[in-house]
Amino acid sequence: MRRTTETSDGPALVSSQASAVTQLKENNILYIVYVIAALDITWMFLQFSITPYLARNLGFDTLWFGYLQTMVGVLQLFGGPLFGRFADIFGARAALSLSCAATIVFFILLAVADSPAMLFIHKIPTVIMHVLPASQMVVADLSEPDKRAAALSKLGLCFGIGMIAGSTLGGHLVTHYGERFAAYSGAAGSALSLMLVLIFIPETTKVQAPGTDTKSETKNKSIFNVGQITRLIKYPGVLSTFVVKIVAGLPSGIFQVMFSVMAMEFFKLTPKQNGYLMAYFGITQMVMQGGVIGRLTARYSESSLLLLSIGVSACVGLAQAYMKNVFHFCLIVVPMMFSLSTFNVITDSLLTKSVPSTDTGTMLGLCASVQSLLRTVGPTIGGFLYVDYGISSIGFLQFIVNAAVFVYQLHRPLKNKKVEHKQ
């Protein structure tokens with residue numbers, strides 16, 4: 001009897017061990033992806049410490065700097081969904097490698113930019129610079145649906161780390177060695193990110209359904225098949241979430257794209273001081289993403305947290321309208337980072353859970369395109385409001401829009417709760 005029991009338990013034991021090994025491999029992949037994401041955010045905020053001051057040295061005013069930001073938004077608006085489609089078809093390694101390689105080219109062009117035209121040209125690679133959405137796809141593929149929001153929030157923790165490191169490093173490099181040396185440093189850092197991708201990231205992180213040849217099916221699909229991209233909007237709950245993401249996110253998006261100008265003109269910050277302020281952003285974001293959002297998602301529904309983030313964002317807008325100095329702004333940063341972090345994590349989680357796992361890359365590409373849309377229209381609207389009506393007008397816009405969305409969400413039929421009960 002004992003021998004029979006051991007024999008019958010053998011396959012279960014082997015299966016359990018195989019599952020544990022698989023889980024360990026997936027966890028290791030996630031850790032590497034978090035590192036890659038943190039590095040990419042570091043290089044991104046390093047660039048934020050370079051571009052505004054280099055643009056000013058090349059004769060850019062607020063309006064032309066807005067045009068430069070708008071160009072990035074337009075490129076990534078169209079590039080985001082296509083890149084997401086590329087990631088779904090060719091896998092995580094190819095997508096991350098392409099994006100890291102584009103970042104290297106981006107920094108090299110920034111380093112050699114010696115005219116306004118070159119400053120515009122160096123933005124062209126941003127059309128495929130989507131390391132963060134690709135990282136989000138890997139996390140979504142390797143996490144359980146009920147734990148997805150918490151897993152995605154850890155990427156926000158990486159965002160905070162990168163914000164601190166990139167802003168501090170960028171401020172010091174620009175101050176002591178100049179913009180061009182800082183840009184070459186970004187290119188070298190991006191090369192390190194590319195090496196990590198090629199060494200540690202598997203070809204694909206998609207789960208293949210039994211009886212299907214996912215690879216042969218996806219290879220036959222075109223990256224430029226617009227119908228395959230837009231069909232995701234037809235899934236239940238996707239369109240309404242997208243509308244909320246765009247409308248409620250527009251005012252805060254305007255403030256973010258205009259912040260570099262505000263730092264120079266309204267707060268009168270030097271590159272080093274701006275780096276310290278961005279590091280403060282990063283610390284706040286790390287606390288929110290690492291210690292707050294994960295616990296909230298475990299206790300409250302995503303629809304409730306979405307409503308909370310919109311309400312807090314409205315209050316933040318009102319506070320921004322009345323702030324007078326950088327100290328006031330530092331007080332506002334805490335609720336601002338809470339609302340931004342919660343809003344982005346919850347909307348991304350809701351959207352990826354609304355589509356099949358084979359389409360998470362495309363969906364996250366669409367999410368990235370929403371941010372790009374905000375960056376496209378944000379500089380133009382923000383530049384107009386800032387120049388003609390002052391910084392307070394941007395805060396009042398955020399208050400009015402988010403308050404309206406909050407009231408709308410509050411009085412909507414309880415569709416979200418019904419969907420959650422069905423799940």
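A residue counts as buried when its relative accessible area is under 20%. Keep that cut-off in mind for the tour below, which goes through a predicted model.

**The whole chain**

Start with everything shown as a cartoon. The chain has 16 helices and 0 strands. Of its 423 residues, 51% are buried. Now switch on a surface: the chain exposes about 19400 Å², and carbon and sulfur atoms supply 67% of that area. Contacts can be viewed along the sequence as well. Among those with a separation of 6 or more, 86% join residues 24 or more positions apart.

**Ala87**

Select residues 62-90, which form helix α2, and pick out Ala87 within this helix. Is Ala87 buried or exposed? Its relative accessibility is 2%, so Ala87 counts as buried. Next, show its neighbours. Leaving aside residues up to four places away in sequence, Ala87 touches Ala92, Ala95 and Met137. Then add Gly365 and draw a line between the two C-alpha atoms: Ala87 and Gly365 are 9.1 Å apart in space, although 278 residues separate them in sequence.

**The second largest pocket**

Move on to the second largest pocket, which holds about 400 Å³ of space. To find its centre, select Gln23, Asn27, Leu30, Leu142 and Ser143, the closest to that point of the 15 residues in the lining. Colour three helices next: α1 (2-57), α5 (131-142) and α6 (148-177) each supply at least two lining residues. Which helix gives the most to this lining? The answer is α1, with 6 residues. Colouring the lining by class gives 7 nonpolar, 3 polar and 5 charged residues.

**Helix α15**

Finish at residues 391-411, helix α15. A distance between its end C-alpha atoms comes to 31 Å. At 1.5 Å a residue, the 21 residues of α15 should span 30 Å, so the two values agree.

Which residues of α15 are buried? Select Ile391, Ser393, Ile394, Gly395, Gln398, Asn402, Val405 and Gln409 to see them. Now bring back the surroundings of α15. The cover over its buried residues includes α10 (238-265), α12 (302-322) and α14 (360-389). Showing these helices together with α15 completes the tour.

Key. Residues are numbered from 1 along each chain as its sequence is written. This is a predicted model: local features need pLDDT of at least 70, side-chain atom pairs count only at pLDDT 80 or more; totals for chains, interfaces and linings use all residues. Side-chain values use heavy atoms; hydrogens and water are left out. On a 1 Å grid over the protein atoms alone, a cavity is a set of points where a 1.4 Å probe fits but cannot get out, and a pocket is an open set with protein on both sides within 12 Å along at least five of seven lines; lining residues have an atom within 4 Å of a point. Grid points are joined across faces, edges and corners, and a volume is the space filled by probe spheres set on the points. Helices (H or I, at least four residues) and strands (E, at least two) are DSSP runs, numbered from the N terminus. Ala, Val, Leu, Ile, Met, Phe, Trp, Tyr, Cys and Pro count as nonpolar, Asp, Glu, Lys and Arg as charged, and the others, Gly among them, as polar. Buried means under 20% relative accessible area, exposed over 50%, partly exposed in between (1.4 Å probe, protein chains only). Contact means heavy atoms within 4.5 Å. Accessible areas come from the Shrake-Rupley method with a 1.4 Å probe; for residues, only the protein chains shown count as cover. The expected span of a helix is 1.5 Å times one less than its number of residues.
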